[in-house]
Amino acid sequence: KEKNMKQNYAIIGLGRFGGSICRTLIESGQEVLAIDNNEDRVNEYMNIATHAVVGNAQDEMTLKSLGIRNFDHVIVAIGEDIQASILVTLMVKEMGVPDVLAKAQNEYHARVLEKIGADRVVHPERDMGIRIAHNLVSKNILDYVELSDDYSMAEIRVSNPRFFDKTLLELNFRQRFALTVVAIRRSDGKVVVSPTADEIVRKNDNLLVIGTTEDVDILDNKMN
Ligand code: ADP
């Protein structure tokens, strides 16, 4: 299905994670059913979500009566209660929902969620911790996303004069750093997406690069 077409989402658990997903999906014009067993949480989302209902998602009858199997996407955003998160993910997958995203609390939880068929498993706290740590350690890395065990994407400030006023070709970016520059953010905020080899790198530009985590670190060190 097309990405921007209206799709149906069900969010189970309206903590900080599920809640912010709910708000953002609604802002993007999507339909959202929000479910939580805590009545206060549901009241909070009554006027935000398309529908908000009080219900225990661990109860199979509840999931069935809400027609969960008809949703395109289900987000299992149950926090602390790992057992509930696992059981709900399992049931939702068994009901045939094509895309189930589940939030993991730790590595073991993530492995179980993947095994029982979650289509996407996210660890927001761990991932945000990694991003922030990279940002703290390096004065050039502004943002950092791990794409896999080996690959990362990073936004790196051009702070070494040896890089100033040279084209990507002159810098020989791909050969020297084995990194792909996917975008350049100029100091005035303008963004050049998919820059060509003749694009000039200037002082205080930010380069959005993709490559192995090792190569990203090498480029980061070169900026110092
Ligand atoms: P976060 O880290 O996202 O803030 P929380 O643990 O605070 O995580 O939020 C999880 C939400 O999931 C809570 O609002 C809780 O009431 C809800 N929840 C937990 N178990 C169930 C369940 N079995 N059915 C429905 N909602 C649940």
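Strands E7 and E8 form a hairpin with four residues between them; strands here are DSSP runs of E with at least two residues, numbered from the N terminus. E7 covers residues 141-146 and E8 covers residues 151-157, and five bridges join the two in an antiparallel arrangement. Within this pair, Ile141 has Ile156 of E8 as its bridge partner. The model is a predicted one, in which local features need pLDDT of at least 70 and side-chain atom pairs count only at pLDDT 80 or more, while totals for chains, interfaces and linings use all residues. Residues are numbered from 1 along each chain as its sequence is written, and side-chain values use heavy atoms, with hydrogens and water left out.

The hairpin belongs to an open sheet of five strands, ordered E7-E8-E13-E10-E11, with antiparallel pairing; two strands pair if DSSP finds at least two bridges between them. The edges of this sheet are E7 and strand E11 (191-193), each of which pairs on one side only. From one strand to the next, the twist averages 20°, where axes are lines fitted to C-alpha atoms and angles run from 0 to 180 degrees between N-to-C directions. Elsewhere in the sheet, strand E10 (residues 180-185) runs antiparallel to strand E13 (residues 206-212), and five bridges join them. Here Ile184 stands opposite Leu207 in E13.

The domain assignment of the protein gives domain 1 (8-122) and domain 2 (127-222); such bounds come from an automatic or database domain assignment. The centres of the two domains, taken over C-alpha atoms, are separated by 36 Å.

A further sheet is built from six strands. This sheet is open, has the order E3-E2-E1-E4-E5-E6, and its pairing is parallel. Strand E3 (51-54) and strand E6 (120-122) are the edge strands, each pairing on one side only. Neighbouring strands of this sheet are turned by 15° against each other on average, direction ignored. Strand E1 (residues 8-12) and strand E2 (residues 31-36) run parallel and are joined by five bridges; Asn8 stands opposite Glu31 in E2.

The ligand is surrounded by 18 residues, of which the closest are Arg16, Asp36, Arg41, Asn56 and Ala57; a residue counts as near if one of its heavy atoms lies within 4 Å. By class, this shell holds five nonpolar, eight polar and five charged residues, with Ala, Val, Leu, Ile, Met, Phe, Trp, Tyr, Cys and Pro counted as nonpolar, Asp, Glu, Lys and Arg as charged, and the others, Gly among them, as polar.

Polar contacts to the ligand are pairs of N or O atoms within 3.5 Å. A polar side-chain atom of Asn37 lies 3.1 Å from a ligand oxygen atom, and a backbone N or O atom of Ala57 lies 3.0 Å from a ligand nitrogen atom. A polar backbone atom of Glu80 is 3.5 Å from an oxygen atom of the ligand. The protein covers 86% of the 580 Å² of accessible area that the ligand has on its own, as computed by the Shrake-Rupley method with a 1.4 Å probe.

Note on methods:
A polar contact is a pair of N or O atoms within 3.5 Å; within protein, one must be able to donate a hydrogen and the other to accept it, and residues adjacent in sequence count only if both atoms are side-chain atoms.
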